[in-house]
Amino acid sequence: MFDFITETALFKEYEVYIMTTIYVLVIMIPLFVAVAYTTWLERKVIGAMQVRIGPRNVGFRGLLQPWADMFKLIFKEIILPSGANKVLFVIAPVITLASAVAAWAVIPFDAEKVLSKVNAGLLYVLAVTSVGVYGVIIAGWASNSKYALLGAMRSAAQIVAYEIAMGFALVGVLMAAGSMNLGEIVLAQKGTNGLLDWYWLPLLPLFLVYFISGVAETNRAPFDVAEGESEIVAGFHVEYSGMTFAVFFLAEYANMILISALASIMFLGGWLSPFEGVHNFLWLGIDMHALTAWVPGMAWFFAKIFIFIFLYLWFRATFPRYRYDQIMRLGWKVFIPITIVWILVVGFMVLGEVSPWWGATA
């Protein structure tokens with residue numbers, strides 16, 4: 001028979017598991033809803049840019065269109081190619097989605113709203129997101145199709161090239177902030193000049209390299225050679241249908257949101273207000289800090305994510321697909337040298353304790 005103390009300890013242990021599960025659902029459910037409505041937003045934005053209407057008939061102004069697409073994919077038949085490795089064929093999309101979702105465990109939505117305050121949060125994000133390429137390679141190989149294998153190889157080479165540049169760009173942020181904790185990186189950008197204290201300005205080349213590399217990492221236009229319909233018939237997921245295809249689709253949009261969230265945290269101050277500490281706006285005597293103090297930090301964070309998502313959609317509606325050799329040349333011969341040079345610059349600034357390149361002085 002358990003005594004009272006043991007029963008209390010067991011209850012508290014289960015309570016931790018229950019609360020953690022609740023927190024995970026609180027993050028995951030809105031994330032999947034956001035992924036669904038990003039597809040609706042993409043159709044509306046591109047439609048407006050190309051003078052078209054976009055979805056408007058399913059639900060109020062087409063707002064139920066993502067749900068219609070979801071139910072359509074759920075009830076479509078999942079076809080497994082006869083020569084495919086069926087186990088790996090099914091596991092591949094799960095790996096790709098899991099890597100995009102697991103990173104949210106350390107993403108801070110506010111100063112206190114984060115699932116896990118890991119000191120090596122940046123290292124965790126890099127490690128988890130790098131697993132996604134295995135899903136792409138496995139999907140191409142397990143499909144037993146030359147088109148799928150070619151698409152997987154092109155995608156893997158592209159991801160490796162731009163992941164190096166992206167990692168170097170984040171090394172510059174790590175050096176400037178003096179921490180790998182994502183929350184501390186945000187706080188290192190806090191100052192008295194609002195958005196001028198954020199890292200987008202002192203680390204501008206790294207900021208541009210990071211976001212463009214993020215577009216390439218997610219295989220989005222104009223870097224969508226991995227699934228170039230006019231060349232290799234949808235690439236690595238050409239043999240997928242039904243929910244297996246839908247999972248790849250979810251992973252792509254989940255990665256878009258994740259890259260946007262990380263760009264906001266690393267370079268745009270995360271949950272910080274653009275008027276943080278600004279008490280004399282444009283020398284007009286307007287206390288913007290006091291006027292915007294009522295806006296919660298999560299609202300600023302989500303607004304910044306939305307800006308980057310809009311840029312993703314804008315690029316797709318604007319730029320033609322690059323040639324494969326152009327993409328490789330940009331990644332290896334332009335972005336990587338730029339990041340290496342700027343890391344050296346940031347290193348000298350940190351040694352000289354020059355603000356704002358050294359966030360610890362703030």
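**Note on helix packing and Asn181**

1. H3 and H5 are roughly antiparallel to each other (angles over 145 degrees count as such). This is a predicted model, where local features need pLDDT of at least 70 and side-chain atom pairs count only at pLDDT 80 or more, while totals for chains, interfaces and linings use all residues. Numbering starts from 1 along each chain as its sequence is written, and side-chain values use heavy atoms, with hydrogens and water left out.

2. Helix H3 covers residues 86–102 and helix H5 residues 132–142; they pack at about 160°, with axes 7 Å apart. Axes are lines fitted to C-alpha atoms over the stretch in contact, and angles run from 0 to 180 degrees between N-to-C directions. Helices are DSSP runs (H or I, at least four residues), numbered from the N terminus.

3. The H3 side of this contact (heavy atoms within 4.5 Å) includes Leu88, Phe89 and Ile95. On H5, Val136, Ile138 and Trp141 are among the residues involved. The contact of H3 with H5 holds nine nonpolar, four polar and no charged residues. Gly counts as polar here.

4. H5 also packs on H6: their axes come within 7 Å and cross at roughly 160°. H5 is therefore roughly antiparallel to H6. Val133, Val136, Ile137, Gly140 and Trp141 of H5 meet H6 residues including Leu149, Met153 and Ile159. The residues of this contact are ten nonpolar, two polar and no charged.

5. Asn181 sits in the loop between H6 (146–177) and H7 (182–187). Asn181 is buried (under 20% relative accessible area, 1.4 Å probe, protein chains only), at 11%. Its side chain reaches the backbone oxygen of Val118 at 3.2 Å.

Key
Helix = DSSP H or I, 4+ residues; strand = E, 2+ residues; numbered from the N terminus. Buried < 20%, exposed > 50% of the residue type's maximum accessible area, 1.4 Å probe, protein only. Polar contact = N/O pair within 3.5 Å; in protein donor to acceptor, adjacent residues only side chain to side chain. Parallel < 35°, antiparallel > 145°, perpendicular 65-115°, else oblique.
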